[in-house]
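Here is a short tour of one protein chain, written to be read with the model open beside you. Have the side chains switched on, as charged pairs come up early.

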Amino acid sequence: FGAEESYGSLFGTTVRDKDTISSACLIAEVAALAKRQNLTLTDRLYQIYERYGVHRESLTSLSFSDSATGLAQMNSLMQHLRKAPPSSIANIPVTTLEDYASQEALDVQHHTTSVLQLPKSDVLRFWLADRTKVVIRPSGTEPKVKIYVEIVQKSVSDVERSIREADERLEQIVQSFQQEFVP
């Protein structure tokens, strides 16, 4: 299974491109199975959260002017983050910095590097001490830099409270990043 936030999902190899029709069919199948158990899709999602933790993601875009100046600002932001990477984001220490342009991962604590096996790309990924992931990349089609944040809250006693807490943490991380590192 594969997915991308702006294009849909891919399941199996029958359709060789991301396709919302097959995704809709899978959701309908899961809903039918849940209904047989007198459950809703939300019930099933909450069961997953209880078993594996609450996983929440956020996407924020920083827009720039559609001009040579905007492109220069985008490039400058990415270079600034490479030359002076944050040691913490929202007061959470950065433990690993992955730079897909140089194809290196830096273990901040041990000052060691390793090689990334994915293709070169203008992408930075920061892993925080609490296993939060912050990914920064320029859009390939628009004058934007995208900030993706993913958090996992492992211990879940009250799913709805855990979702609220996770969403609040997401917002704090995004706001902190924008305030501290975006000129």
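The count of salt bridges in this predicted model comes to 8, taking a side-chain nitrogen of Lys or Arg within 4 Å of a carboxyl oxygen of Asp or Glu as the rule. As background, side chains of opposite charge can pair when their charged atoms come close. Three of these pairs are worth finding on your screen, and the table gives their closest nitrogen-to-oxygen distances.

| Pair | Closest N to O distance |
|---|---|
| Arg-56 and Asp-167 | 2.8 Å |
| Arg-82 and Asp-99 | 2.8 Å |
| Arg-82 and Asp-122 | 2.9 Å |

Begin with Arg-56, which forms a salt bridge with Asp-167. What does this pair tie together? Arg-56 sits in strand β3 (residues 54-63) and Asp-167 in helix α4 (residues 159-181), so the salt bridge connects parts that are 111 residues apart in sequence. Both ends have some access to the surface: Arg-56 is partly exposed, at a relative accessible area of 23%, and Asp-167 is partly exposed too, at 31%.

Next comes Arg-82, whose side chain pairs with Asp-99 at 2.8 Å between the closest N and O atoms. Arg-82 belongs to helix α3 (residues 68-83) and Asp-99 to strand β5, so this pair ties together parts that are 17 residues apart in sequence. Are these two residues buried or exposed? Arg-82 counts as buried because its relative accessibility is 17%, where buried means under 20%. Asp-99 is likewise buried, at 12%.

Arg-82 has a second salt-bridge partner, Asp-122, at 2.9 Å from N to O. This pair links distant parts of the chain, with Arg-82 in helix α3 and Asp-122 in the loop between β7 and β8 (124-128), 40 residues apart. Asp-122 counts as partly exposed, with 29% relative accessibility. Through shared partners, the salt bridges join Arg-82, Asp-99 and Asp-122 into one network.

Now for the charges of the whole chain. How many positive and negative side chains does the protein chain have? There are 20 positive and 24 negative ones, and the centres of the two sets lie 4 Å apart.

Another arginine to look up is Arg-125, found in strand β8. Arg-125 is buried, with a relative accessible area of 18%. Leaving aside residues up to four places away in sequence, Arg-125 touches Thr-96, Leu-97, Glu-98, Tyr-100, Lys-133, Val-134 and Val-135. If you would like a distance to check in your viewer, the C-alpha atoms of Arg-125 and Tyr-148 are separated by 9.2 Å, with their positions 23 residues apart along the chain.

On the surface, look for a nonpolar patch. Which residues form it? The patch consists of Ile-27, Val-30 and Leu-41, which together have about 240 Å² of accessible area. Val-30 lies in helix α1 (residues 20-36) and is partly exposed, at 38% relative accessible area.

Two backbone positions also deserve a look. Most residues other than glycine have a negative phi. Ala-90, though not a glycine, has a positive phi of about 55°. You will find Ala-90 in the loop between β4 (88-89) and β5 (92-99), where its relative accessible area of 22% makes it partly exposed. His-111 is not a glycine either, and its phi is positive at about 55°. The place of His-111 is the loop between β6 (104-107) and β7 (112-115). His-111 counts as exposed because its relative accessibility is 67%, with exposed meaning over 50%.

Finally, zoom out to the full chain. The protein chain has 4 helices and 10 strands, and from the N terminus the elements follow the order β-β-α-α-β-α-β-β-β-β-β-β-β-α. Along its principal axes, the C-alpha trace spans about 55 × 40 × 30 Å. Of the 183 residues in the chain, 33% are buried. The accessible surface comes to about 11,600 Å², and carbon and sulfur atoms account for 52% of that area. Among contacts between residues at least 6 apart in sequence, 51% join residues at least 24 apart.

Conventions: Residues are numbered from 1 along each chain as its sequence is written. This is a predicted model: local features need pLDDT of at least 70, side-chain atom pairs count only at pLDDT 80 or more; totals for chains, interfaces and linings use all residues. Side-chain values use heavy atoms; hydrogens and water are left out. Helices (H or I, at least four residues) and strands (E, at least two) are DSSP runs, numbered from the N terminus. Buried means under 20% relative accessible area, exposed over 50%, partly exposed in between (1.4 Å probe, protein chains only). Contact means heavy atoms within 4.5 Å. Accessible areas come from the Shrake-Rupley method with a 1.4 Å probe; for residues, only the protein chains shown count as cover. Lys and Arg count as positive and Asp and Glu as negative; His and the chain ends are not counted. The place of a charge is taken as NZ of Lys, CZ of Arg, CG of Asp or CD of Glu. Patches are made of residues with over 30% relative accessible area and no salt bridge: like charges are joined within 9 Å, nonpolar side chains (Val, Leu, Ile, Met, Phe, Trp, Tyr) within 5 Å.
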